[in-house]
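I opened the notebook for this chain today. My entries below record what I looked up, element by element.

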Amino acid sequence: MTDHVPACLETLDSTEQAALKQSAGTPQVLRQLGKMLPNTRSFVQNEILGRVSPQAFAAIEEFLEPIALKERMVLLEPKRHLGHVYFIDSGLVSLRIVAAGGVLETAVLGHRAAAGASLLVGGHLSTHQYVVLFAGAARRIRVEDLRRVTNEHLEVREYLSRYNQALALHCAQTGLCGVRHGSEKRIASWLCLASDAVGDHVLPVTHEYLSSVLGLRRPGVTETLIRFEAQKLIRKRRGVLEIDERKNLEQRACGCYKLISDAYAGSETGSTTGD
């Protein structure tokens with residue numbers, strides 16, 4: 001997990017975006033095209049970008065760079081200045097604290113996320129590491145360009161602010177969950193959150209990974225997953241877990257899952273202390 005982003009990034013093929021840039025010589029022309037062609041963002045899966053108005057999207061689109069997210073790619077290292085914000089279309093990114101040779105995962109980010117957006121205000125150094133867990137795709141934008149767009153389009157700032165609030169709750173709730181809830185509830189919550197983040201019931205995750213980031217003993221993780229499989233909640237294959245009974249799995253999760261899920265959905269959660 002020591003790969004650096006510049007050496008790993010791969011620009012995705014985007015004929016439509018290339019055509020727009022070639023035919024539009026100025027930002028104003030791009031904005032006009034955005035109004036004329038409202039379906040130009042139909043290929044974007046990121047929920048934040050999908051919610052902004054056509055005018056705001058046209059303004060931000062000219063700065064977006066499509067990239068491939070490779071497994072184990074490091075998007076941001078601790079104690080380094082933020083260069084880009086990543087609007088994730090697909091895949092899964094692990095937000096983690098690295099200390100004394102170990103890692104503690106505080107959140108998993110997927111198509112609802114803008115990785116790095118929490119550092120936009122004030123230009124602070126990152127305290128977390130962002131690592132790609134499941135390969136996918138994203139669109140990155142330079143911080144200075146995103147700041148310019150948010151100053152001109154306040155709705156983009158508002159959406160990012162709401163996302164940052166949800167992420168802050170996610171990280172805080174993860175810490176609380178680790179000291180209050182048992183392994184079965186924590187594993188069920190992680191599986192549900194990861195499934196929500198990637199928008200899929202198939203998760204390429206191993207027992208070793210769950211043990212590592214949740215701070216649980218490997219035998220305990222294995223026993224829990226075997227029990228889940230016997231109850232037909234999941235199916236295990238080599239390196240892959242498939243969720244079969246999602247609603248029943250949610251019932252096994254602790255209250256932290258509902259709080260975090262509601263926060264991302266913009267719902268009123270009432271309490272932030274879990275069950």
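Which residue of β9 does Arg237 stand opposite? I looked it up, and the partner is Val240. The model is a predicted one, and I read every entry with that in mind.

**Entry 1: the sheet around that pair**

I followed β8 and β9 outward from there. Strand β9 covers residues 240–243 and is joined to β8 by 4 bridges, with the two running antiparallel. I then asked which strands make up this sheet and in what order. Three of them form an open sheet, ordered β7-β9-β8, with antiparallel pairing. β7 (202–203) and β8 (234–237) are the edge strands, and each has a single partner, so one side of each lacks a neighbour in the sheet. I also checked what lies across β8 and β9, and found helix α10, residues 218–230. α10 runs at about 120° to β8.

**Entry 2: the whole chain**

I stepped back for the totals. I counted 12 helices and 9 strands in the protein chain. The chain has 275 residues, and 49% of them count as buried. I looked up the exposed surface too: about 13300 Å², with carbon and sulfur atoms supplying 51% of it. For contacts with a separation of 6 or more, 73% come from residues 24 or more positions apart.

**Entry 3: β3 and its partners**

I went to β3 (84–99) next. I asked how many bridges pair β3 with β6. The number is 11, in the antiparallel sense. In that pairing I found His84 opposite Arg142 of β6.

β3 also pairs with β5, residues 114–115, through 2 bridges, again antiparallel. Here Phe87 stands opposite Ala114.

The third pairing I noted is with β4, residues 102–109: 7 bridges, antiparallel. Leu95 faces Ala107 across these strands, standing opposite it. I looked at the hairpin of β3 and β4 as well. It has 2 residues between the strands, and Ala100 takes a positive phi near 50° there.

**Entry 4: the core**

I asked which residues touch the most other members of the largest nonpolar core. They are Val85, Phe87, Leu109 and Trp190, out of 75 residues in that core. As a general point, nonpolar side chains tend to be buried together in soluble globular proteins.

I listed the contacts of Val85, leaving out residues up to four places away in sequence. Among them are Ala114, Ala115, Gly116, Ala117 and Leu120. Arg139, Arg140, Ile141, Val143 and Leu146 are also touched by Val85.

**Entry 5: helix α6**

Two of those contacts, Val143 and Leu146, took me to α6, residues 143–152, where both are buried. Asp145, Val149 and Thr150 are buried there as well. I asked why these residues count as being on the same side of α6. They cover an arc of only 160° around the axis, which puts them on one and the same side. I noted the background rule: an α-helix has 3.6 residues a turn, so residues three or four places apart point the same way. The buried residues of α6 pack against α5 (54–61), β3, β6 (129–142) and α7 (154–180).

**Entry 6: helix α9**

I checked whether α9, residues 207–214, is covered, and it mostly is: 6 of its 8 residues are buried. I wrote them down as His207, Tyr209, Leu210, Ser211, Val213 and Leu214. Gly215 follows the helix, and its phi is positive, near 65°.

**Entry 7: three single residues**

Asp196 sits in helix α8, residues 183–198. Is it buried or exposed? Asp196 counts as buried because its relative accessibility is 19%, against a cut-off of under 20%. I found it touching His111, Arg112, Arg246, Tyr257 and Ser261, with residues up to four places away in sequence not counted.

Gln251 belongs to helix α11, residues 246–252. Gln251 counts as exposed, at 62% relative accessibility. I looked up its distance to Ala188: 8.6 Å from C-alpha to C-alpha, with their positions 63 residues apart in sequence.

Lys70 is in the loop between β1 (65–69) and β2 (74–76). Its relative accessible area is 36%, so Lys70 is partly exposed. I noted that the C-alpha atoms of Lys70 and Gly91 are 9.0 Å apart, and the two are 21 residues apart along the chain.

Definitions and conventions. Residues are numbered from 1 along each chain as its sequence is written. This is a predicted model: local features need pLDDT of at least 70, side-chain atom pairs count only at pLDDT 80 or more; totals for chains, interfaces and linings use all residues. Side-chain values use heavy atoms; hydrogens and water are left out. Buried means under 20% relative accessible area, exposed over 50%, partly exposed in between (1.4 Å probe, protein chains only). A nonpolar core is a set of buried Ala, Val, Leu, Ile, Met, Phe, Trp, Tyr and Cys residues joined through side-chain atoms within 4.5 Å. Contact means heavy atoms within 4.5 Å. Accessible areas come from the Shrake-Rupley method with a 1.4 Å probe; for residues, only the protein chains shown count as cover. The arc is that of the directions from the helix axis to the C-beta atoms. Two strands pair if DSSP finds at least two bridges between them. Axes are lines fitted to C-alpha atoms, for helices over the stretch in contact, and angles run from 0 to 180 degrees between N-to-C directions.
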